[in-house]
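Hi everyone, thanks for making room for me today. I'd like to walk you through one model, so let me put it up on the screen.

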Amino acid sequence: MGGNSSQLEKQIGSDQFPAEERYFGLANFGNTCYCNSVLQALYFCKPFRDKVLEYKSKNKKNNKETLLTCLADLFHNIANQKKKTGTIAPKKFVAKLRKENQVFDNYHQQDAHEFLNYLLNTIGDLLIEENINLNSSIDNSSNTINSSNSSDKNNLNKTWVHDIFQGTLTNETRCLNCESLSSKDEDFLDLSVEILANSSITHCLDVFSNTETLSSEHKYYCENCCSKQEAQKRMLIKKSPLILALHLKRFKYMESQSRHTKLTYRVVFPLELRIFNKTGNDDKLYDLVAVVIHCGPGPNRGHYISIVKSFGLWLLFDDELVEKIEAFSIEEFFGLTNDQKTSESGYILFYQSRE
């Protein structure tokens, strides 16, 4: 898939090519397409890219090499190329990734969602550590005794990664005997949803929030009744993030085969997505900005590519190759209506809020 850089410039046209944008493919270091596809998607999530580049400019004297500094160097390298198109080798980033996590220290095909999850959490942890160290040095320099309270800790644990990707789910359980309602909040950086054949992402999100009855051996222990009772349970999106990363659960473990198989179901994901907030907060309208696509029959055999939106253009990134595509071509990545084993199907969707 794809075409070379000169072809891309011909496709877009010099008069339409965004002056401040660069479109560079990423070299593959032996099955690193899972990494390349996610990096391209994140690069074109502009709020994230801007923060990574800002981090780079503020930390020029930082001698400690981390996964975040390697990512910042890569993004800076792309953004400051003199040419508009071409190929870059993310050698330092991949080397650091393999050194930091043995899961990725091989030439096997890895899961793009696992990599996204690891990357966002690692960056978040690094930023939190920097916040704590900075706060500690300020306290020491001013010779103050810091009696840290919960709000201070929350501020230290809130980073720009969380500002961009973190949403909140609320887990509600209602006892059917006494009608008492208990709820527990949990934060997420990406949301994993079960998929259904010939459905839409909106329908999958509705099913995600469906009410489930807990009965028989699954009864709920009610603190109010001091006993196990039948109950109704549901999971709701309480707070939607600026960028909503939706992971479609396309790989299902089949006990009969003792392995994961791919669900090639057709799941429509629109260019505009409205998230209906069922906890009473305002609904949000999102625009699709990037999609990581899995091509092939299963998690260990296949290939990852990505499509992104940039200045009204849709582009397909396939490792070193980049090409312009039409918006209607996105339908090719919804999945299949039949039971074919191989498909090119949307796997991680990135939606940006219009707020």
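Let's start with Ser216, which counts as exposed because its relative accessibility is 53%; exposed means over 50% relative accessible area, buried under 20%, and partly exposed in between, with a 1.4 Å probe and protein chains only. You'll find Ser216 in the loop between strand E7 (212-214) and strand E8 (220-222). Helices (H or I, at least four residues) and strands (E, at least two) are DSSP runs, numbered from the N terminus. The phi of Ser216 is near 50 degrees, a positive value in a residue other than glycine. As background, most residues other than glycine have a negative phi.

Before I go on, a word on what we're looking at: this is a predicted model, where local features need pLDDT of at least 70 and side-chain atom pairs count only at pLDDT 80 or more, while totals for chains, interfaces and linings use all residues. Residues are numbered from 1 along each chain as its sequence is written, and side-chain values use heavy atoms, with hydrogens and water left out.

Asn198 also has a positive phi, about 50 degrees, although it is not a glycine. Asn198 sits in the loop between E5 and E6, and it is exposed, with a relative accessible area of 51%. Glu194 is found in that loop too, between strand E5 (191-193) and strand E6 (199-200). Is Glu194 buried or exposed? Exposed, at a relative accessible area of 52%. From the C-alpha atom of Glu194 to that of Lys233 is 17 Å, with their positions 39 residues apart along the chain.

Now to the aromatics. The structure holds 16 aromatic pairs. Rings of Phe, Tyr and Trp (its six-membered ring) pair if their centres lie within 6.5 Å; planes under 30 degrees apart count as stacked, over 60 as edge-to-face and the rest as tilted. Take Phe17 and Tyr23: their centres are 5.4 Å apart, with 55 degrees between the planes, and the pair is tilted. Phe17 is buried at 6% relative accessibility, and Tyr23 is buried at 0%.

Then look at Phe44 and Phe317. Their ring centres are 5.5 Å apart and the planes meet at 40 degrees, so this pair is tilted. What does the pair tie together? Phe44 lies in the loop between helix H2 (33-43) and helix H3 (46-58), and Phe317 in strand E18 (residues 313-318), so the pair links parts that are 273 residues apart in sequence. Both Phe44 and Phe317 are buried. One aromatic cluster takes in Phe17, Tyr23, Tyr43, Phe44, Phe48, Phe75, Trp160, Phe165 and Phe317.

There are charges over rings as well, where NZ of Lys or CZ of Arg is within 6 Å of the ring centre and within 35 degrees of the ring normal. Arg49 lies over the face of Phe44, at 5.4 Å from the ring centre, and the charged end of Arg98 sits over the ring of Tyr107, 4.4 Å from its centre.

Phe75, from that cluster, brings us to H4. Among the buried residues of H4 are Leu71, Leu74, Phe75 and Ile78. At the N-terminal end of H4, Thr66 acts as a cap, with a side-chain oxygen 3.2 Å from the backbone nitrogen of Leu68.

Over in strand E16 (residues 284-298) we have His294, which is buried with a relative accessible area of 0%. The side chains of His294 and Lys262 are joined by a polar contact of 2.9 Å; a polar contact is a pair of N or O atoms within 3.5 Å, where within protein one must be able to donate a hydrogen and the other to accept it, and residues adjacent in sequence count only if both atoms are side-chain atoms.

Last topic: empty space. On a 1 Å grid over the protein atoms alone, a cavity is a set of points where a 1.4 Å probe fits but cannot get out, and lining residues have an atom within 4 Å of a point. A search of the whole structure finds two cavities of 30 Å³ or more. The largest cavity has a volume of about 150 Å³, and of its 13 lining residues, Leu205, Asp206, Ile237, Ile275 and Phe276 are the closest to its centre. Which element gives the most to that lining? That is H9, with four residues. Thanks for listening!

Terms used:
1 Å grid on protein atoms, 1.4 Å probe; cavity = no way out; pocket = protein on both sides within 12 Å on 5 of 7 lines; lining within 4 Å. Points joined across faces, edges and corners; volume = space filled by probe spheres on them.
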